[in-house]
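Work through these exercises with the structure open beside you. Try each task before you read its solution.

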Amino acid sequence: MAQRNIGEKLRKRRELEQVSLEELAKATHITKTRLIELENNVYDPTGDEVLIISAYYKEDFKYFITNQKVSAIEQVEVLYRSKGEHLSKNDRKAIFSFLYQCTAEQFALDCIEKQPLEIQYDSYANSRKKTTEQGQTLATQMRKHFDKSTYYKTRDYFGFVRSLGIHVFRRKLESNDISGMYIEHPIAKKCILINYSEDTYRQNFSLLHELCHALLDNEMGFNLSLESDTKNTNDSSDNFAEYRANHFAGAFLVPSHLIEPYRGKTIDVNLVNNLALKTHANPQVVLIRMKTLKIITKDKYQQLKKTKLRKEYKEDVELLNSTDKLKAAKQRLIEKGLSPYYVRNCYEAYNNGFISRAKLAQMFDVPTCKLGTLLEPFKLKIDSI
Amino acid sequence: MEDIKQYPKCNIIDSCSVNNIFCSEYFMRATLYSNFEFCTTPTIENELFSVTDYTYFSKENHDKLQQRYEEQKANDKVKCISITIDDLMQLGELSPSLHQGEISCIALARKINLPIITDDKKALRESRRLLGSDEKAHNTPHLFGHLYYNKVVTDNEATQLKNDFVAFNRGSMWVHFEKYINQAKNIAENGQC
């Protein structure tokens, strides 16, 4: 028996994305009057209306008509209540799009039976306090696996985190406040979104910061990290989860064995920049690690803290080893919120007959007729039938 | 390959089959001449006619297709039938492998017990599985082969159809249509598929 509080769900979903009735009516060709009637439970929607509206919102239609937990709407609602002031309308839409892609990616990976890397780590679930030492220990545990992986050579942190079965996407968000977020989706599980507006090395830090939240702080089911959270080095911070996540990110990016050899040596701008290039972390992160491990004094840190590495030296690992044409195509994808990893896996699911062409197009947020154009730089083909 | 001597007269059509049938005046008229009738859903109509991006499918072609479709709807050769929420629930556990339009067609097919025409191989397989028989889903090249076999479409018209497909950026479909033309010719020459 279908659930009958459909109207409430329709309204909630619309309001979360700050879509007006006029916008929804224009996009779905369902009249405003009819939409009002549906949201007020005056009538039940037709099956087509449910499908059309769910296609517009990129939600599983079952969310609206059953009690099945197929959507992260509950977590998003709590997130928006607590931190919604930081999110523009377009960013809200971007977050829903990201969640859709996470479920789509999970489905594709399940179809092609891609298994995540299983890693043992201490989740500190029974600890009463959150401490920086926990962040450090976790970083050491995770780093061991990273150093043995194929991702180590190119410092492909995004690839490594994805290999753990965590969905990672980047998007240009309008809000400069937001560096990243983590959500626990009922179907897709752990999902991380990184603000692509930040520079590449900063994105690496944000990614690892969110990874720590995903592994250790999933009691709320979400986390939204603001720029100020990821720059917080204050020992007396009230928000130990953020401080622990910062410690984790720093310790993962700049493990102690990489900087210990420089203890007692002259630390200057060149050395700091070289280490930044080696680790794909910003000079600030390298310096904070050195200060934490007392390799440099606080005074030295103050002296060097304005060291900057020029943006053109900061390579985006996802664009490496590509022809100019492929690089441009990948960049377009990433700016659109997709990833080469996502495209390849969804395509593989399609090519092996698990999803239809129209579904693949929906996963890529393009009309079906444009699939060929999107895939052509990757030398992937779509069947005409 | 399916037998081109047989093809059901009433079918549900999804977006890709609407595009393939109505992009060619020849194909469309051949189906009407042979008394084929079609049904679709509001979900499909929404998919087809809410387009705002004309960089691939020109606006002129898009409008042409929509006009042909609307004319045949006015002539009662195409009916748009809604499904209910219960029709969706009747489909049972659906994997997320299909797009909403495809789901609406399968729900309608089950509701009114008609076969589906789709040109997507996954949608074809899923339709046959969910509707319980291979006879419950076909594609447009098969339909074309049937029309060609019954001499409703001549070789000249087949060429025109190919040109129409090219004009609508669907030229890559033609290779599939040719397979059924060859089947028809084989039957005519040898009496077998």
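## Exercise 1: Two packed helices

α12(A) and α15(A) are roughly perpendicular to each other. The model is predicted.

**Task.** At what angle do α12 and α15 of chain A pack, and which residues meet?

**Solution.**
- Step 1. Find the helices. α12(A) covers residues 240–253, and α15(A) covers residues 283–292.
- Step 2. Recall how a helix pair is described. Two numbers do it: the angle between the axes and the distance between the axes.
- Step 3. Read off both. The angle is about 100°, and the axes lie 10 Å apart.
- Step 4. Classify the angle. Angles of 65 to 115 degrees count as roughly perpendicular, so α12(A) and α15(A) get that label.
- Step 5. Look at the contact. From α12(A) come His247(A), Gly250(A), Ala251(A) and Leu253(A). They meet Val285(A), Arg289(A) and Thr292(A) in α15(A).

## Exercise 2: A sheet in chain A

**Task.** In what order do the four strands of the open sheet in chain A lie? Which strands are at the edges?

**Solution.**
- Step 1. Write the order: β1-β3-β2-β4 (chain A), with mixed pairing.
- Step 2. Pick out the edges. β1 (167–171) and β4 (222–226) of chain A each pair on one side only.
- Step 3. Note the twist. Neighbouring strands of this sheet are turned by 15° against each other on average, direction ignored.
- Step 4. Start with β1(A) and β3(A). They pair in the parallel sense over five bridges. Here Arg170(A) stands opposite Ile194(A) in β3(A).
- Step 5. Go on to β3(A) and β2(A). This pair is antiparallel, with six bridges. Tyr182(A) has Ile192(A) in β3(A) as its bridge partner. The two strands form a hairpin with three residues between them.
- Step 6. Finish with β2(A) and β4(A). They are antiparallel too, over five bridges. Ile178(A) faces Leu226(A) in β4(A).

## Exercise 3: What covers the sheet

**Task.** Which strands does helix α7 of chain A touch, and how many residues of β2(A) are buried?

**Solution.**
- Step 1. Take α7(A), residues 89–111. This helix packs on the sheet and touches β1, β2 and β3 of chain A. Its direction makes about 145° with that of β1(A).
- Step 2. Take α10(A), residues 200–216. This helix lies across β1, β2, β3 and β4 of chain A. It runs at about 155° to β3(A).
- Step 3. Check β2(A). Seven of its eight residues are buried, so the strand is mostly covered.

## Exercise 4: One loop residue

**Task.** Is Ile267(A) buried or exposed? What does it contact?

**Solution.**
- Step 1. Locate Ile267(A). It is in the loop between α13 (256–259) and α14 (269–279) of chain A.
- Step 2. Apply the cut-off. Buried means under 20% relative accessible area. Ile267(A) has 4% relative accessibility, so it counts as buried.
- Step 3. List contacts, leaving aside neighbours within four places in sequence. Among them are Tyr262(A), Val272(A), Met290(A) and Leu304(A).
- Step 4. Compare chain and space. Ile267(A) and Ile295(A) are 28 residues apart along the chain, and their C-alpha atoms are separated by 9.1 Å.

## Exercise 5: Chain B as a whole

**Task.** What is the radius of gyration of chain B, and what would a compact globule have?

**Solution.**
- Step 1. Count the elements: ten helices and five strands.
- Step 2. Use the globule rule. With 193 residues, a compact globule would have a radius of gyration near 16 Å. Chain B has 16 Å, so the values agree.
- Step 3. Add the extent. The C-alpha trace of chain B spans about 50 × 40 × 30 Å along its principal axes.
- Step 4. Add burial. Of the 193 residues of chain B, 53% count as buried.

Conventions. Residues numbered from 1 in each chain as written. Chains lettered and ligands numbered in written order. Predicted model: local features only at pLDDT ≥ 70, side-chain atom pairs only at ≥ 80, totals over all residues. Heavy atoms only, no water. Pairing = 2+ DSSP bridges. Axes fitted to C-alpha atoms, helices over the stretch in contact; angles between N-to-C directions. Contact = heavy atoms within 4.5 Å. Rg over C-alpha atoms; globule rule 2.2 N^0.38 Å. Buried < 20%, exposed > 50% of the residue type's maximum accessible area, 1.4 Å probe, protein only. Parallel < 35°, antiparallel > 145°, perpendicular 65-115°, else oblique.
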